[in-house]
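Welcome! Let us walk through this structure together, beginning with how its chains meet and ending with a single residue.

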4 protein chains.
Amino acid sequence: MSVFILLNCKTYDEGTGANAVKLAQACRDVAENSGTNIAIAPQIPDIFRVASAVDIPVYSQHIDGAGPGSHTGKVYVRSVAQAGAAGSLINHSERRMTLADIEAAAAALKANGMTSVICTNNIAATAAAAALAPDFVAIEPPELIGSGIPVSKADPGIVTGSVDAVKKINPNVKVLCGAGISKGEDLKAALDLGAEGVLLASGIVKAKDPKEALYDLVSLI
Amino acid sequence: MSVFILLNCKTYDEGTGANAVKLAQACRDVAENSGTNIAIAPQIPDIFRVASAVDIPVYSQHIDGAGPGSHTGKVYVRSVAQAGAAGSLINHSERRMTLADIEAAAAALKANGMTSVICTNNIAATAAAAALAPDFVAIEPPELIGSGIPVSKADPGIVTGSVDAVKKINPNVKVLCGAGISKGEDLKAALDLGAEGVLLASGIVKAKDPKEALYDLVSLI
Amino acid sequence: MSVFILLNCKTYDEGTGANAVKLAQACRDVAENSGTNIAIAPQIPDIFRVASAVDIPVYSQHIDGAGPGSHTGKVYVRSVAQAGAAGSLINHSERRMTLADIEAAAAALKANGMTSVICTNNIAATAAAAALAPDFVAIEPPELIGSGIPVSKADPGIVTGSVDAVKKINPNVKVLCGAGISKGEDLKAALDLGAEGVLLASGIVKAKDPKEALYDLVSLI
Amino acid sequence: MSVFILLNCKTYDEGTGANAVKLAQACRDVAENSGTNIAIAPQIPDIFRVASAVDIPVYSQHIDGAGPGSHTGKVYVRSVAQAGAAGSLINHSERRMTLADIEAAAAALKANGMTSVICTNNIAATAAAAALAPDFVAIEPPELIGSGIPVSKADPGIVTGSVDAVKKINPNVKVLCGAGISKGEDLKAALDLGAEGVLLASGIVKAKDPKEALYDLVSLI
């Protein structure tokens with residue numbers, strides 16, 4: 001099974017609009033040359049143009065559980081699907097959702113053949129997310145996000161504890177970890193702890209040379 | 001001064017993805033043939049493809065007040081701008097925002113040269129919105145949204161009261177009205193009450209023939 | 001093990017202030033005379049006076065996950081504990097919470113020796129809630145709340161399915177069911193489906209004679 | 001017209017439960033001895049016991065706009081009124097509300113003869129709040145809250161600008177200022193800038209001797 005790397009552009013200017021397309025092209029080049037599985041999550045208005053420009057999987061940063069209807073401003077699963085998204089983050093720590101909406105969003109992605117990644121903040125919440133049977137849960141201690149301190153070093157127990165908790169609830173759910181990850185050694189450490197991939201953001205998006213940073217990231221796998 | 005008509009696609013399947021482009025083309029044709037000012041607010045993932053396909057103004061259904069940075073899943077003003085949006089709805093009744101976020105979103109649109117439309121639910125809230133100096137406030141009594149009963153008939157006093165309240169606070173702010181509007185007579189009644197345009201949704205988006213419905217809408221102005 | 005009955009006063013005027021105390025006294029009388037376990041969840045400002053007036057367990061309708069500190073307006077676990085609450089509802093369908101806050105609130109109740117009741121809307125969300133190891137999960141299909149149609153009749157499968165899902169995840173978690181329950185036969189049907197108690201509201205709070213309605217409720221157990 | 005001082009207990013343990021009663025007694029003693037107008041906003045579960053213990057005005061830290069009905073966990077105006085509250089904060093920066101809810105909460109307070117204090121974060125939002133005709137607006141730059149740096153020193157222009165903006169919109173609305181205020185000189189500076197009172201929190205609640213701190217606070221007026 002291949003390691004999964006998901007690059008979150010957040011609302012960084014370096015990952016907005018035409019810059020998102022450039023980042024996606026860097027991801028594609030590194031994925032092709034290294035034989036790794038890299039996906040990108042641009043901002044929602046950028047999904048269409050990014051998905052039109054590259055062949056790697058494009059994810060939404062968020063979807064709402066709302067279906068078709070009178071839901072102005074909500075992020076509707078079929079809209080992101082038709083824009084070219086292959087999956088979506090759900091419940092990122094910067095875009096928390098109610099449990100009912102997380103469940104509805106995960107179910108909507110599954111019904112549309114898309115990949116779901118539910119973000120969580122601790123082991124107990126990770127177990128709860130796993131009970132919803134998403135494709136992935138992504139454990140990210142909020143205090144480490146954007147810190148530059150990799151979760152795999154700062155709190156390895158939260159990764160192994162999440163892996164254990166998830167496997168007990170539903171062994172089909174895969175675990176990603178995030179927060180502070182940007183280098184090859186961080187990714188390797190995450191995999192050694194039982195994660196099957198990582199969530200990244202500022203370490204790559206705001207790097208002087210994102211492509212070089214991505215090559216470093218995949219250098220040890 | 002020209003009447004402003006803004007068509008909100010909400011998350012109706014009839015206004016999603018390729019259907020949003022078709023609706024936008026109908027709006028463009030009617031606008032061109034009738035010499036009216038029609039804009040469309042597709043879902044956020046559809047802004048880029050709609051704005052690439054038509055020359056009429058494209059609006060976002062929502063933006064967040066968040067700036068650049070660690071704001072996963074938020075709708076960042078520069079992202080919608082670069083996708084081609086000319087403005088945005090703010091605080092639609094189906095996507096209510098805090099006062100602080102409404103203010104930040106209106107300021108962000110102004111700073112980016114975009115048009116702001118703050119939606120409100122009653123006369124007092126309309127006065128408050130006008131104090132933020134947006135381009136437009138749009139009064140929509142929530143109980144009439146999607147009802148098929150035009151606000152201009154059901155509650156004309158809320159339109160005239162909103163116009164009066166806004167003019168006292170800031171005479172540069174224009175008033176739209178919405179909720180239940182779909183026909184030429186509804187638009188004419190709204191203008192007679194002092195509104196300078198209307199917000200529309202299901203009456204057009206879910207019409208058997210949206211273009212015909214739009215021609216009817218503009219037939220009396 | 002004894003059946004658990006929890007009466008939610010919501011914001012009904014019939015359950016506000018002095019009326020909440022009267023309802024609590026009715027609950028106490030019926031509990032004592034019937035040997036049943038009845039608790040009451042008044043509004044948060046009413047917890048202190050209700051807990052001062054009766055000996056039955058008093059629950060909060062909500063707590064936030066927030067700890068001590070700069071959290072104006074949040075419902076802090078130690079404040080409701082010191083006011084006399086023995087437990088709290090969490091994530092009621094009328095007061096949905098993020099997954100992170102549900103987890104924090106359940107943990108805060110446990111750390112303070114209080115009873116947690118996480119409300120959920122379907123079987124998948126119930127399984128997720130059970131993974132947080134609360135004392136109770138309470139399944140309430142939102143469309144039946146306040147309907148007068150008991151969930152035990154309208155959708156018995158959601159009760160049995162919730163019981164099964166919870167027992168797989170954590171057999172120590174007990175299942176309540178709610179929505180539309182007010183009569184003795186509704187409670188009996190809920191128990192027959194595997195629930196260990198019920199959540200009630202309007203059927204008792206707005207009854208002409210709440211005490212009589214409570215006697216009917218417990219008449220078949 | 002007398003200066004208005006409102007002490008917000010937030011969720012500090014030093015202001016919870018029995019500690020809230022002690023703080024309220026200190027406020028009462030200082031108010032009586034100095035002839036000043038001091039009110040206290042304990043946590044919502046503490047309103048009843050604080051209002052039962054002292055004669056100074058007791059405020060809620062928050063109310064929701066919700067009326068009577070199916071609104072579990074919401075803070076209903078009549079419940080806080082019957083618990084003894086004389087008014088409420090609305091939209092504190094730690095408990096932001098939608099514009100529609102702010103308007104509904106302010107109207108609910110007015111309809112119940114209670115005093116409304118809408119908190120705001122900048123001059124534009126203050127103007128918007130004033131358009132809702134509350135009794136007070138309280139300007140608190142979020143970045144200064146809990147900083148120990150008084151707004152009257154760090155950003156005097158936001159106070160004078162708020163006073164000017166409010167007087168243009170509705171001269172009956174009074175302006176409070178908050179954030180970082182704890183000493184007599186801070187209060188005097190606020191009044192010199194045109195404020196008619198202050199919002200306080202940690203500087204008093206977490207002081208070694210809150211009563212002494214309050215005496216210092218009122219020493220220059």
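A contact here means heavy atoms within 4.5 Å. With that in mind, chain B and chain C share no contact, and their closest C-alpha atoms lie 15 Å apart. Chain A and chain D do not touch either, with nearest C-alpha atoms 15 Å apart. This is a predicted model, in which local features need pLDDT of at least 70, side-chain atom pairs count only at pLDDT 80 or more, and totals for chains, interfaces and linings use all residues. Residues are numbered from 1 along each chain as its sequence is written, chains are lettered from A in the order in which they are written, and side-chain values use heavy atoms, leaving out hydrogens and water.

Now turn to chains A and B. A turn of 180° and a shift of 0.0 Å along the axis lay chain A on chain B with an RMSD of 0.0 Å (copies are superposed by least squares on the C-alpha atoms of residues with pLDDT of at least 70 in both). The two copies are therefore related as by a two-fold rotation axis. Within chain A, Pro45(A) comes closest to that rotation axis, its C-alpha at 2.4 Å. Because 100% of the interface residues of chain A are also interface residues in chain B, the copies meet through the same surface.

Finally, look at Thr36(B). Thr36(B) sits in the loop between helix H1 (18-34) and strand S2 (37-41) of chain B; helices (H or I, at least four residues) and strands (E, at least two) are DSSP runs, numbered from the N terminus. With a relative accessible area of 17%, Thr36(B) is buried (under 20%, against over 50% for exposed and in between for partly exposed, with a 1.4 Å probe and protein chains only). Beyond its neighbours within four places in sequence, Thr36(B) is in contact with Val30(B), Ala31(B), Val218(B) and Ile221(B).
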